[in-house]
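Visitor: Hey, could you walk me through this one? I'd like to start with charged contacts.
Guide: Sure, have a look first.

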Amino acid sequence: MCLGIPGEIVEIRDDDSQLATVDVVGVRRVINIGLIGREALAKGDWVLVHVGFAMSKIDEAEAAATLELLSGLGQAYTDELAALAESDIT
Amino acid sequence: MCLGIPGEIVEIRDDDSQLATVDVVGVRRVINIGLIGREALAKGDWVLVHVGFAMSKIDEAEAAATLELLSGLGQAYTDELAALAESDIT
Amino acid sequence: MTAERIAAPAPTREQQVLDRIERARRRKAVVREERITLAHGAGGKATQTLVEGLFVEAFRNPRLAPLDDGAILPATGDRLVLTTDSYVVSPLFFPGGDIGDLAVNGTVNDLAVSGARPRYLSAGFILEEGFPVPDLARIVASMAAAARRAGVEVVTGDTKVVQRGKADGCYINTAGVGLLDRPHTYTATAVRPGDAVLVSGPIGEHGVTIMLARGELDIEADVASDTAPLHELVATLLDTAPGVRLMRDATRGGVATILNEVARAAGVAVVVDDAAVPVRPAVNGACEMLGIDPLYVACEGRFVAVVDGDEAEAALAALRGHPLGEGAALIGRIGADPPGLVLLKTAFGGTRIVDTLVGDPLPRIC
Amino acid sequence: MTAERIAAPAPTREQQVLDRIERARRRKAVVREERITLAHGAGGKATQTLVEGLFVEAFRNPRLAPLDDGAILPATGDRLVLTTDSYVVSPLFFPGGDIGDLAVNGTVNDLAVSGARPRYLSAGFILEEGFPVPDLARIVASMAAAARRAGVEVVTGDTKVVQRGKADGCYINTAGVGLLDRPHTYTATAVRPGDAVLVSGPIGEHGVTIMLARGELDIEADVASDTAPLHELVATLLDTAPGVRLMRDATRGGVATILNEVARAAGVAVVVDDAAVPVRPAVNGACEMLGIDPLYVACEGRFVAVVDGDEAEAALAALRGHPLGEGAALIGRIGADPPGLVLLKTAFGGTRIVDTLVGDPLPRIC
Amino acid sequence: MRFVDEYRDAEKAQALATQIAALCEPGRQYKFMEVCGGHTHTIYKHGLEDYLPESVQLVHGPGCPVCVIPMGRVDDAIAIAQRPDVIMTTFGDMMRVPGGNGSFFDAKAAGADIRMVYSPLDALKIARQNPDRRVVFMGIGFETTAPSTAMTVLRAAAEGLGNFSVFCNHVTIIPAIKAILDSPDLRLDGFLGPGHVSTVIGCRPYEFIARDYGKPLVCAGFEPLDILQSVYLLLKQLADGRCEVENQYTRVVPWDGNLRALDAIGRVMRLRPYFEWRGLGFINDSALQMRDEYATFDAERIFAIPGVRVADPKSCQCGEVLKGVLKPWECKVFGTACTPETPIGTCMVSSEGACAAYYNFGRFSRSRVKEATRV
Amino acid sequence: MRFVDEYRDAEKAQALATQIAALCEPGRQYKFMEVCGGHTHTIYKHGLEDYLPESVQLVHGPGCPVCVIPMGRVDDAIAIAQRPDVIMTTFGDMMRVPGGNGSFFDAKAAGADIRMVYSPLDALKIARQNPDRRVVFMGIGFETTAPSTAMTVLRAAAEGLGNFSVFCNHVTIIPAIKAILDSPDLRLDGFLGPGHVSTVIGCRPYEFIARDYGKPLVCAGFEPLDILQSVYLLLKQLADGRCEVENQYTRVVPWDGNLRALDAIGRVMRLRPYFEWRGLGFINDSALQMRDEYATFDAERIFAIPGVRVADPKSCQCGEVLKGVLKPWECKVFGTACTPETPIGTCMVSSEGACAAYYNFGRFSRSRVKEATRV
Ligand code: SF4
Ligand code: SF4
Ligand SMILES: [Mg+2]
Ligand SMILES: [Mg+2]
Ligand SMILES: [Mg+2]
Ligand SMILES: [Mg+2]
Ligand SMILES: [Mg+2]
Ligand SMILES: [Mg+2]
Ligand SMILES: [Mg+2]
Ligand SMILES: [Mg+2]
Ligand SMILES: [Mg+2]
Ligand SMILES: [Mg+2]
C-alpha cells in the first residue's frame with residue numbers, strides 16, 4: 001500500500017509554509033516537508049514522497065550498502081557460474 | 001406594445017387559484033383570470049390574453065358591430081364600383 | 001490413443017478456472033450499468049462493452065462490424081457528397097421523434113437536398129456522465145430504425161463521455177456520405193428570375209414542438225415534430241422536374257433564412273405569397289401566442305425547392321403525390337429586383353421584407 | 001442620351017440610404033462579438049457572420065465555398081474510408097497543440113492507419129455560450145494549419161451553440177473521408193503468429209501532457225503532446241513493408257488497449273518486451289508519481305503496426321527514416337498461445353498480463 | 001383564429017382604402033402618430049402602408065416599453081443579474097437591449113443566470129423551484145403589463161416567498177404622450193390610441209388630448225383592419241371638423257378600463273416622481289415603483305444597484321424617432337452602424353421599435369416593390 | 001530513476017533467485033505473507049514469481065487500505081457526498097470501491113460532486129476556492145497516509161477554514177496483523193513487513209510477531225529486488241534457525257520511525273475502540289478517529305451518516321483472501337461474477353488488491369507462458 005516515490009529536493013521555500021519542490025526525472029511537484037522538518041533537509045537531498053508529503057529522507061549510504069550487498073550476491077552467483085563453467089562436467 | 005391574443009376559456013379551476021385554461025386554435029395554456037374575476041367569466045367566453053393574464057373579456061356584440069360597420073364600408077365600396085360600372089363613361 | 005495424447009498434462013485446477021474466465025470474457029457484451037460513467041468514454045472495457053453491446057448491436061452491418069479506425073466503403077460513381085450536423089436538441093425526446101431519428105434524418109436530408117443518394121453515416125456521441133443507459137438505448141434504437149427507413153448504414157462511430165455538467169445528456173454528430181449520380185449540381189447560384197419557390201409541406205412543426213416540449217412556456221398543443229427522411233420525396237421531385245435549381249431542408253432559421261440565403265447568393269429577389277405558405281392551425285396559434293413568425297421556425301422534414309417556373313405545376317404535383325409531400329405548396333417566385341431581398345406579399349394584401357433573423361426567435365410580449 | 005434614360009427617376013433620399021445599407025450588408029462578414037452567444041448557433045445573421053467571417057475564411061477551398069447543405073467531392077478510385085471522432089479535450093490549449101490540430105490530426109490518423117489517403121474533413125462545432133471568440137479563432141486557425149499540413153480540406157461543417165453550463169467551451173467533431181488506393185485491407189483479423197509489433201515512437205506523451213495541463217495535480221514536467229498527422233509515416237511504412245497486417249493509432253486506452261483488441265480479434269497472444277517500449281523519462285516520471293502505467297496512456301501521434309515478422313527490421317528502418325518515426329521501436333511479437341491475451345516480459349525479467357483497462361487510468365496512492 | 005382573421009381581410013381593406021382616399025383633401029398632408037409599438041409592428045408586418053395614400057403618413061410613437069428603457073437601467077439590471085445568487089428573469093423582448101456595456105444576452109454569455117419567461121408568474125415558479133437563489137423579475141411595460149407584475153407580487157406576498165423580487169421599470173403612457181404634445185418640433189394631425197393599454201386605463205385619460213391640444217384620438221385595435229379603420233375614423237373627424245376621443249376597439253376596450261387591474265397596480269406600486277425615458281429625457285410622474293409596503297419585494301432596495309445615468313450614444317437619434325420627428329431611415333446611423341445585430345439605439349432592438357420594424361420589414365422603396373411583386 | 005532503477009535489475013534478480021533456490025530445503029513448502037498491497041502490486045507488475053521456486057509461495061495480506069473498507073463506510077461516504085452543499089474529495093483508488101448501493105463513480109454519475117485529489121492538501125485548496133460549499137476529504141490509508149491527513153487538518157485549523165472536514169477511515173496495521181496471526185486456519189512461515197507504513201511506525205512494533213508468534217518479519221522495500229532480497233532474508237533466518245525482525249528497507253525506514261508523523265497523528269486523531277474490516281470483521285483499536293478537539297473538522301459528527309452495517313455479499317470470500325487462506329482464483333466468483341468491471345469484493349478494485357492484481361497481471365498459468373514468451 002501507499003505508493004511512495006523517491007524525489008530530489010530542488011528547492012525549499014524560504015518561508016514557514018513547509019513547502020519544497022521535488023524533482024522526479026524532470027517532473028516537479030511542490031510537496032509538504034512538515035513531517036521531516038525544513039531544518040533536516042537541504043537541496044540535493046532525496047525524500048520519499050507519498051500523497052504530496054515527504055515521508056522520510058532517503059539514506060544514500062544505506063542505499064549504497066543494500067546495492068553492494070546485492071552485488072555481492074551477484075558476485076557470488078557469477079563466481080559460482082564461473083566455477084560451474086570451470087568444473088566442465090560435460 | 002403589449003402583445004395580446006384572443007383565447008377561448010375552456011376550463012375554469014374550481015378553486016381560488018384564479019386560474020383558467022384558454023384555447024387558441026387548439027393551443028392551450030393556463031392563465032390567470034384574477035384581473036377579470038372568476039365570477040365574471042364562463043366557459044366559452046373569449047378573453048384577451050397578455051403575459052399569461054386575461055386582460056379583458058371580449059365583447060362579441062361589439063366585435064360583430066365593428067365587422068358589420070366594416071362590411072358596410074365594403075358595401076358602400078361595392079355600390080360605388082357598381083355605380084361606376086353603370087355610369088359607363090368609356 | 002497415441003502416447004502423446006496420454007502425455008498431455010491434465011489441466012490444473014487453476015487452469016480450469018482461467019479457462020472458465022476466458023470463456024466468460026468471450027460472451028456477448030451486455031451493458032449492465034444504469035448510467036453512463038466516465039469509464040464508458042475511456043476507451044477500455046466499458047467503452048468496448050458499450051460499443052459492442054449497444055451500438056454494433058443496433059446498427060449491425062458488415063462495414064461497421066470490424067470496428068477498425070475507419071469504415072471501408074465501396075464508392076461507385078465519380079462524385080460524393082459529404083455533410084455533417086451536430087444535434088443538441090433539448091428535450092431529447094419529444095412528440096414525433098427524438099434526437100436519434102433527428103440525427104439520422106437531418107443528415108440524410110442534407111444529402112438528399114444536395115441531390116445525392118444517402119448511403120453511409122458516421123455517428124459521434126458526446127454523452128454526459130450519468131446519462132441513463134436506457135435512454136441511450138432508446139435513442140440508438142430510433143437511430144437504427146431511422147437509418148433502415150432511409151436506407152443508410154451507420155458504418156463508423158465514436159463515443160466520448162464528459163463530466164456531469166459539461167453537456168446536456170446526449171449530443172450526437174452525424175456525418176453523411178451520399179453518392180451523386182445525377183449530373184446536376186444544385187446550388188443557390190443556379191437560381192434565376194422567373195423560377196418558382198416550393199415548400200414540401202406545412203412549416204414550423206418541429207420548432208414549435210420543441211419549444212413547447214421544453215415545458216417552460218406551459219403551452220400545450222397538438223403538434224408533433226415533422227422529422228422525416230426526404231430522400232424519396234426529393235428523388236420524386238428530381239425525376240419529374242429537371243429544372244430544379246436548388247433544394248434546401250428548412251431547418252434552423254426556417255424557410256425565411258433559406259430564402260434569404262438564396263436571394264443573397266443568387267442576387268435575386270424572392271417574392272413570397274404569405275397566404276400560400278402552409279402552416280397548420282396549432283403551429284399558427286402557438287406562434288401568435290408567443291409573438292413569433294412561423295417563417296423562422298425550424299422544420300426537420302420539409303424542404304424548399306426552387307424550380308424552373310415552367311415546371312412549377314408539375315413539380316408541385318409530383319411532391320403532392322408522395323405521402324411526405326401532401327402538404328406541398330407553391331409559395332413564391334424569383335424576381336430580379338430588388339436583388340438580395342426576400343419580399344412577402346402579406347395575406348392582407350401588403351408587402352414587406354422578410355430578413356434573416358438576428359438570433360433565435362424569442363417569445364415576446366410586445 | 002435617350003428619353004428613357006432621362007425619364008428614369010432620380011433615386012429618392014430614402015432610396016439612397018437603402019442602397020448604402022445594401023452595400024454595407026454585402027461587405028465581408030466580420031465577427032465583432034467577444035464571446036459566442038446563442039445567436040451564433042441560431043442559424044440567422046450571427047451564424048452567417050461566424051461561418052463566413054471565421055470558418056470559411058480559415059478553411060477556404062472551392063468545395064466548402066458554396067456553403068450548401070453538403071460538399072460535393074470528386075471520388076476517384078473505388079474504395080473510400082469514412083471515420084469520425086469527437087474531441088472534448090480539456091484544457092483546450094496545451095503544450096504541443098490544441099483541440100483544433102488534435103481534431104484534424106486525430107481523424108487524419110484514423111484514415112491513415114486504415115491505409116487511406118486522407119482527403120476531406122467535415123467539422124462540427126458545439127460551442128458553449130460565452131466561449132471567447134478569440135479562442136475560437138485560434139482553434140480554427142490551428143485546424144486550418146493542421147489541415148494544410150496533412151493535405152486535407154475541410155469541406156463542410158456545422159455550428160451549434162448550447163447554453164452556458166451545457167458544454168466545456170468547445171467540442172469538435174470531425175469526420176474524414178479518405179481514398180483507399182492500396183489493394184489491402186488492414187484489419188486485426190489479418191494478424192498471425194510470427195508477426196512483429198512496432199510502435200512508431202515514444203508513448204504516452206499526449207495523455208500525460210493533458211493530465212498535467214489540467215493543473216489539478218500540481219505537477220510540472222517538460223512534456224508536450226505528440227499530436228501529429230501520421231499519413232506520411234504510414235505511407236512510408238506501407239511502401240516498404242507489404243506485409244503490414246494492421247495499424248492503429250494509439251489514442252484513448254493507449255498501446256495496451258490496442259494490443260488487447262488485436263489479441264482478441266485475431267485470437268492470438270501478443271507478447272511485448274517491456275524494455276523495448278519507448279517511454280520518455282518525463283513521461284515515465286509523471287507515471288511513477290501518479291501510479292499509472294504508460295502503456296495505457298493516450299498518444300495522438302503514434303501508431304502501432306503489426307507486420308510480417310520477416311519484414312520487421314525493414315519496417316522499423318523505414319519508420320525511423322521519417323522525422324515522425326525516429327523513436328520507433330520493435331516492441332513485441334505475435335504468438336499463438338494463450339489466445340486473446342497480451343503478455344509483457346517485464347524489464348525485470350518476469351512476465352505478466354496486460355489487460356484492457358476498466359476505466360480511465362486514475363492517479364492512485366496505493 | 002377568431003377575432004383575428006376577420007380583421008385581416010384584404011377585400012375589406014381595399015374598401016377601407018378607397019374610403020380613406022376619398023376622405024383625404026387633395027394637396028393636404030396628414031400625419032398620425034401610432035402611440036403603440038404594437039401598431040408599428042402590425043403596420044409593417046402586414047404591409048399596411050400599401051393601402052394608404054402617399055398623403056397619409058404614420059409616424060411611430062413612444063409606445064414600445066423596451067425602446068424607452070434608458071441604458072442606465074439596463075446596466076442596473078445586469079449588475080443585479082451578475083450576482084451569483086441571483087436568477088434574473090425577463091421577457092424575451094429585453095434580451096438584446098443594449099446598456100452601456102452590453103445586453104442581457106452578453107451578460108448571459110459572460111456567465112449571468114438570466115432566463116426568459118412568458119409571464120411574471122413563470123418567474124414566481126422559478127423562485128419556488130430555487131429556494132436557495134434570489135429570483136428577480138425585471139418588470140417592463142406600460143399599464144397593460146404592470147397589473148400582471150402587481151398580481152404576481154401579491155401572490156408572492158400571500159405565499160410568503162422571500163426569494164422573489166421585482167426590478168420595476170413599468171412606465172405610464174399619458175405623461176409620455178403629453179411630453180410629445182409639448183415638444184416644440186412636432187406637427188401631428190391625430191393619434192392612434194394604444195388599444196391594449198386602454199383595456200386597463202380606458203379611454204377617459206385621453207380626453208385632454210382632444211380638449212386641451214385639439215388633436216383627435218382613436219383608440220385602435222391591433223389587427224390591420226383595426227388600424228385602417230382607425231385612420232379612417234381620424235380622417236372622418238378631421239373632415240367633419242370634430243375633435244374627439246373615439247374607441248374603435250370596442251370589442252376589447254371598455255370606456256372605463258379595468259378597475260381590478262388599476263386597483264392591483266395601486267396596491268403594489270406608486271408613481272415615481274420622475275423617470276428617464278430613452279431619447280425623451282426625464283419625465284415627471286411617468287413610471288411606477290414599488291410601494292414601501294412591498295419593499296421586501298423591491299429589487300431596487302434589496303440590491304445595491306449602480307444607478308448611474310448613462311448618456312445615449314452621441315450618434316443615437318432615438319429621441320427624434322420616438323417623437324415622430326425623424327423617420328427611422330433619416331437617423332444618421334440607421335442600417336449602417338445601427339442594425340438589429342449591432343443596435344445602437346433601443347428602437348432597433350424590439351420588433352416593435354420603429355427602426356427595427358422598418359429595417360426588418362420595410363427596408364425597400366415603394367416603387368421598386370411594385371415592380372418586384374408583379375413577377 | 002534513481003533509487004528505483006537500481007532495484008529493478010534482472011541480472012541481480014537472477015543471482016538472488018539462485019541464492020533463494022539454494023536456501024530452500026528440498027521438499028519443504030514456504031509460505032510468506034506480504035502484508036502490504038504495494039508488495040502485491042510489485043510482485044505481479046514485475047512478474048516476480050518467475051524468480052521464485054515453486055516451493056516458495058507468496059500470500060497476499062490485508063495491507064490494501066481500499067480493500068479493507070467495509071461496505072457500510074462507503075455508503076456513509078456516499079450519503080455525505082450526495083448532499084448538494086458538499087464536495088467530496090478522495091484518492092483515485094476509492095472511486096470504484098463498491099458500497100451496498102454502488103461506488104463513488106456511480107454516485108458521481110448520479111449527480112454527487114466527487115473529485116479526485118492527489119493529496120489531502122489539494123482538498124484543502126478546493127475548500128479555499130469554494131467557500132460556499134462544504135468540502136469533505138475521505139481519509140483512507142494506514143499510518144503512512146494518516147499523518148498527511150492530520151497535517152492537513154492542522155493546517156485547516158490554523159487557517160480557520162470552516163468548510164473543510166475529514167471523513168476519517170484511517171486504519172492501523174498492527175491489530176490487523178495480530179488478527180491474522182490469531183486466525184486458526186493460518187499456516188505462515190514469515191512476513192514481508194510493510195515498508196512505507198514503517199517509515200512512520202518504524203520496526204519496533206513488529207517485535208511481538210517474532211517474539212510471541214515465532215514468525216520472522218523482514219521490513220521490505222517496494223522494488224522487485226527489495227522483495228526478492230527480503231524473501232532471501234526470511235529464508236536465511238529460517239535456514240539459520242533465527243526468528244527476528246529485520247529491516248531490508250534501511251535506505252528509507254528508520255528503526256524508530258518518524259516521530260513528527262506519529263505526533264501529528266496523535267494530536268489530531270485517537271484510536272477507535274473498534275472498527276469493521278472488510279472480510280476480517282470487527283477488530284479492536286484498529287482504526288483512527290478525530291479527537292474531540294477537532295470535532296468541527298470531523299465529517300462524521302458534522303453530517304448525519306446512515307452508519308448502517310452492510311453485510312458482505314454472500315459469495316464474497318475477500319476475508320479468506322485477505323488472510324491468505326485462499327488464493328484469489330480459489331474464490332468461487334473470481335473472474336466470472338467478480339471482475340474489475342463488476343467487482344463484488346474490494347480485493348478486485350484496487351490495483352493492490354490481491355484479486356485485481358492476479359486478474360489484471362497474473363491471469364495465466366505459468367507453463368503456458370513459458371511457451372508463449374519464447375516466440
Ligand atoms: S437607427 Fe438606431 S440610433 Fe438611430 S434612431 Fe434608430 S435605433 Fe436609434
Ligand atoms: S474474487 Fe471478488 S469476492 Fe472473491 S475474494 Fe476476490 S475480490 Fe473478494
Ligand atoms: Mg484510431
Ligand atoms: Mg449539414
Ligand atoms: Mg442540416
Ligand atoms: Mg473514436
Ligand atoms: Mg440543411
Ligand atoms: Mg474514429
Ligand atoms: Mg480516432
Ligand atoms: Mg448544420
Ligand atoms: Mg410595407
Ligand atoms: Mg507474473
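Guide: A salt bridge here is a side-chain nitrogen of Lys or Arg within 4 Å of a carboxyl oxygen of Asp or Glu. This is a predicted model, so local features need pLDDT of at least 70 and side-chain atom pairs count only at pLDDT 80 or more, while totals for chains, interfaces and linings use all residues. Residues are numbered from 1 along each chain as its sequence is written, chains are lettered from A and ligands numbered from 1 in the order in which they are written, and side-chain values use heavy atoms, with hydrogens and water left out.

Visitor: OK, how many salt bridges over all chains?
Guide: The count comes to 106.

Visitor: Which residue does E:Asp292 meet in a salt bridge?
Guide: E:Arg270, at 3.9 Å from N to O. E:Asp292 sits in the loop between β13 (288-290) and α12 (299-302) of chain E, and E:Arg270 in strand β10 (residues 269-271), so to speak 22 residues apart. Helices (H or I, at least four residues) and strands (E, at least two) are DSSP runs, numbered from the N terminus.

Visitor: Is that E:Asp292 buried or exposed?
Guide: In between: E:Asp292 is partly exposed at 49% relative accessibility, and E:Arg270 is partly exposed too, at 30%. Buried means under 20% relative accessible area, exposed over 50%, and partly exposed in between (1.4 Å probe, protein chains only).

Visitor: And in chain F, what does F:Arg251 pair with?
Guide: F:Asp226, with 2.8 Å from N to O. F:Arg251 is in the loop between β9 (245-247) and α11 (259-268) and F:Asp226 is in helix α10 (residues 224-240), so the salt bridge ties together parts of chain F that are 25 residues apart in sequence. Both F:Arg251 and F:Asp226 are buried.

Visitor: New topic: where are the cis peptide bonds?
Guide: One joins C:Asp337 and C:Pro338, with omega about 0°. C:Pro338 is in the loop between β13 (329-335) and β14 (342-345) of chain C. Another runs from D:Ser90 to D:Pro91, with omega near 5°, and D:Pro91 lies in the loop between β2 (79-87) and β3 (93-94) of chain D.

Visitor: What's up with the phi of A:Val51?
Guide: A:Val51 has a positive phi of about 40° although it is not a glycine. A:Val51 is in the loop between β4 (46-50) and β5 (53-57) of chain A, and is buried at 4% relative accessibility.
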